[in-house]
Each structure stands twice: as C-alpha cells, then as structure tokens.
Amino acid sequence: MLEQQTITLQTNGRATIEITREVEAVLQSSDISRGLCHVFIHHTSASLIVTENADDNVQHDLENYISRLVHNGDPAYLHDQEGPDDMAAHIRSVLTQTEITIPVQAGRLMFGTWQGLYLWEHRLQAHSRRLTVTINGLKD
Amino acid sequence: MLEQQTITLQTNGRATIEITREVEAVLQSSDISRGLCHVFIHHTSASLIVTENADDNVQHDLENYISRLVHNGDPAYLHDQEGPDDMAAHIRSVLTQTEITIPVQAGRLMFGTWQGLYLWEHRLQAHSRRLTVTINGLKD
Amino acid sequence: MLEQQTITLQTNGRATIEITREVEAVLQSSDISRGLCHVFIHHTSASLIVTENADDNVQHDLENYISRLVHNGDPAYLHDQEGPDDMAAHIRSVLTQTEITIPVQAGRLMFGTWQGLYLWEHRLQAHSRRLTVTINGLKD
C-alpha cells in the first residue's frame, strides 16, 4: 500500500520547528500499520533533522552552533541576491537533510524515546514550506 | 512495482554535476508513476546533494565553503595514500549524502521549483562513478 | 515483501563500529533478493555513516576531524546535563545520518568495493544502541 500527501507548514523565520505530530497525522489518515514513512521538503533553504525533543536548549544550541559554522553575509559568497542569509541557508540545508525516512510499526512512527522530527527554517524571514509524506507498507 | 538500474557517470574532477535528468531518464524508462525514487552512489569520495539549480554561483559557493571547512592535506590526516585530497574527500562525503530518496508523482521526480539533484565529485581528478537508481511504486 | 527487525548493538564509547555484517545478517534472514534496505538508529547521540572500510586510518581521521569541528564542553552550550559530550553528540548526529537506505540485489547489500556501514557512537561512555532494519522488495 502507498499513501502520499503534500502538506504546507508556516515557519516564523530561522529556527527549528517540531513536525512529528503533523507527519503522524498523515500516517494515521492512512491504513498502513507497518513499513516506512518518507518525508521530503521541496525547498533548498529549509531542511529536516531528527534530534532530541525533550530539552528546548538542544534546539537553541543547534541553531547557535550552525550559525557560527556557516556565516551570514560571508564576503566570499557570490550568491547573495536575496540577502546575507541566502547562501548561508543553502549551505545549512546541504549539511543537514532534505529528506528523512522513519520506520513504521503498529501504525506509529518508530521514534526512540527522545527523538523528534524537525523542520529547520534557514532563512531569517518567515516562509511557507511544502513537504510531501510518502508511506509505503502493509496493513497488518 | 520495483525498477532498479545502475548507471555510470563521468566527472571532471572536484565539482558538483547536476544529474536530475539522468535520474529522470531511469524513472521514465519504468512504468511507475507514483512512489519513491532512491539514488545511491557506490563510492566514498563522491556524494549526492539536493540544492538550488537556478544560479551557478550556488555551486561555486558550496565548493568554496566546503574546501575551507575540510582542508586538503591536513597534517593531522593519517590516511593520505592517494594524495592530499584523499581523506578530505571521505570527510566531505560523510558531511553530505551517499543516498537520497525523492518522491515520484505523475511519473516525475517531485522536486520543488529550484531543486536539483547533484553528484559531488570530491577528488581533484576526474573519475567514473557508479550510481544505482531504485524506484518503488505503482502505475496509477 | 516487507521484513522489519530491531537489533541492539553495544558500543565501547566514542568511535565508529562497522555494522555491515549485522545488517547483512538481517537481510539474509529474509527472503528478499532485490529492493531496498533501510537502517534507522533510535538515538540522537549516535548516528550512521557509509564510508571506506579498507584502511582503519579513515576511521581515526573522521573521529579526529569531527572532534575538532564540534567541541566538547563548549561554554556556549546550554544543554549540558549529561556532561561535556552531551550537546556535542547531538550536533555530531545532526551533521551525519540517523538513517541510511542501501539497494539490495541478489540478496546482498549493493555496496561499492570500499564501502561499509558504520554506527558512530558520539558519547564518551559505552552505550547499548537500538537499530531497526526494514527491507522492502521482491524475491526474484
């Protein structure tokens, strides 16, 4: 069985947003109880990660770390039409993930106790972001 | 339905090469119209990324960024049999992707407007690179 | 056909461990000969990579590189309850992979000559790590 849905999420500018619940909702709207759930983001300046969802400081530290690793407005960038965060956003996306697959069992995403799925908005401004969720599996 | 093909691509040394069209060609040679398309590179010194394909400066800036992040010929490297770019190529591969999955709808890769799939050659010399494309899905 | 098994592996503290053989064993316990094999790690302070498995110096150099890129005990970290390697482990995980998919042909993982799958323990202490292997494919 194959289920495929495209969803749109609003961001509030540069930050991570947990989207585990939104992807679980797509999974639960399908009849698939066992298999794989693939999440793809249709953008090159926002990305996906799986990380700890218990302590908000993790999100703060991830953003702080990557903003020191990838500078906004680096004078070496040739690509800067959309501002100092434009090329930085593409680099941050390439160093993280455009797509992530999660195993499904008993109709649920098989995340570990502390795992959550996050959309990482890399642009400074708020954006509307499209994701496609594809679930491939069986109804047990 | 499952389609699996291995293709070989030539690189011209360290640089990104867009391979969206080559993967689309495999997809179109199958009868699958909806599902997932998985691309795997059988090497540890070349990798895959999804990034912006409208402005060539993005490719220039990505290469420039990663070559400053991962130095050729770092005296700390123990693994240097094949030259100063050998270990740097393995690190660059680990920081990016060996495999990427893209959703398929209406027989096409569901890329966003500005997204393209790139092979990133991390060695300085030209190489022949093998990729396996696996498409799993349905004919609508 | 769909096969899904969860396995547990012991680590000895911060280092990479090759797990190609353990994943091959799951594949061989299934009847699937062609398709895709997905490996997911249920943790946020250990991750997966595909890299060269011929020269152990590659593993040494990867660990040395990332420990210089992501500092233990950085005073900027707010998240440090479990010690100086806690937040560093989350960052190292985000810069590598939580899940990897490998094509399957003739009942084997289709790795290139020099490729191996590694679990990367990012905590200093030994841990028990859970992974789920999901194989989706056909019996030829």
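## Rotation axis and the relation between copies

Among the residues of chain B, B:Leu95 is the one that comes closest to the rotation axis, its C-alpha lying at 3.5 Å. In this predicted model, the corresponding statement for chain A names A:Leu95, which of the residues of that chain comes closest to the axis, likewise at 3.5 Å for the C-alpha. In general, two copies of a chain are related by a rotation about an axis together with a shift along it.

Chain B can be laid on chain A by a turn of 120 degrees and a shift of 0.0 Å along the axis, with an RMSD of 0.0 Å. For chain A laid on chain C, the operation is a turn of 120 degrees with a shift of 0.0 Å along the axis, and the RMSD is 0.0 Å. These two copies are thus related as by a three-fold rotation axis.

## Surfaces used at the interfaces

Only 17% of the interface residues of chain A are also interface residues in chain C, and the copies therefore meet through different surfaces. For chain B the overlap with chain A is put in the like manner: only 17% of the interface residues of chain B are also interface residues in chain A, so these copies too meet through different surfaces.

## Fold and overall properties of chain A

The secondary structure of chain A consists of three helices and eight strands, which, read along the sequence, follow the pattern β-β-α-β-β-α-α-β-β-β-β. The C-alpha trace of this chain spans about 55 × 30 × 20 Å along its principal axes. When contacts in chain A between residues at least 6 apart in sequence are considered, 83% of them join residues that are at least 24 apart.

Of the 140 residues in chain A, 66% are buried. The chain exposes about 5200 Å², of which carbon and sulfur atoms supply 48%. Chain A carries 10 positive and 18 negative charges, and the mean positions of the two sets are 4 Å apart.

## Aromatic pairs between chains

Over all chains, the count of aromatic pairs comes to three. One of them is formed by A:Phe40 and B:Phe111, a tilted pair with 6.1 Å from centre to centre and 55 degrees between the planes. This pair crosses between chains, since A:Phe40 belongs to strand E3 (residues 34-41) of chain A, while B:Phe111 sits in the loop between strand E6 (108-109) and strand E7 (115-121) of chain B. Both A:Phe40 and B:Phe111 are buried.

A further pair, also tilted, is formed by B:Phe40 and C:Phe111, with 6.2 Å centre to centre and 55 degrees between the planes. Here B:Phe40 lies in strand E3 (residues 34-41) of chain B and C:Phe111 in the loop between strand E6 (108-109) and strand E7 (115-121) of chain C, so the pair joins two chains. B:Phe40 is buried, with a relative accessible area of 0%, and C:Phe111, at 15% relative accessibility, counts as buried as well.

## The loop position of C:Pro84

C:Pro84 is placed in the loop between helix H2 (56-69) and helix H3 (86-95) of chain C. With a relative accessibility of 47%, C:Pro84 counts as partly exposed, because that class lies between under 20% for buried and over 50% for exposed.

Leaving aside neighbours within four places in sequence, C:Pro84 is in contact with C:Asn72 and C:Gly73. By contrast, the C-alpha atoms of C:Pro84 and C:Cys37, residues that are 47 apart along the chain, are separated by 35 Å.

Technical notes
Residues numbered from 1 in each chain as written. Chains lettered and ligands numbered in written order. Predicted model: local features only at pLDDT ≥ 70, side-chain atom pairs only at ≥ 80, totals over all residues. Heavy atoms only, no water. Helix = DSSP H or I, 4+ residues; strand = E, 2+ residues; numbered from the N terminus. Buried < 20%, exposed > 50% of the residue type's maximum accessible area, 1.4 Å probe, protein only. Contact = heavy atoms within 4.5 Å. Areas by Shrake-Rupley, 256 points an atom, 1.4 Å probe, with all protein chains shown as cover. Lys, Arg positive; Asp, Glu negative; His and termini not counted. Charge placed at Lys NZ, Arg CZ, Asp CG, Glu CD. Least-squares fit on C-alpha atoms with pLDDT ≥ 70 in both. Phe/Tyr/Trp six-rings, centres within 6.5 Å; stacked < 30°, edge-to-face > 60°.
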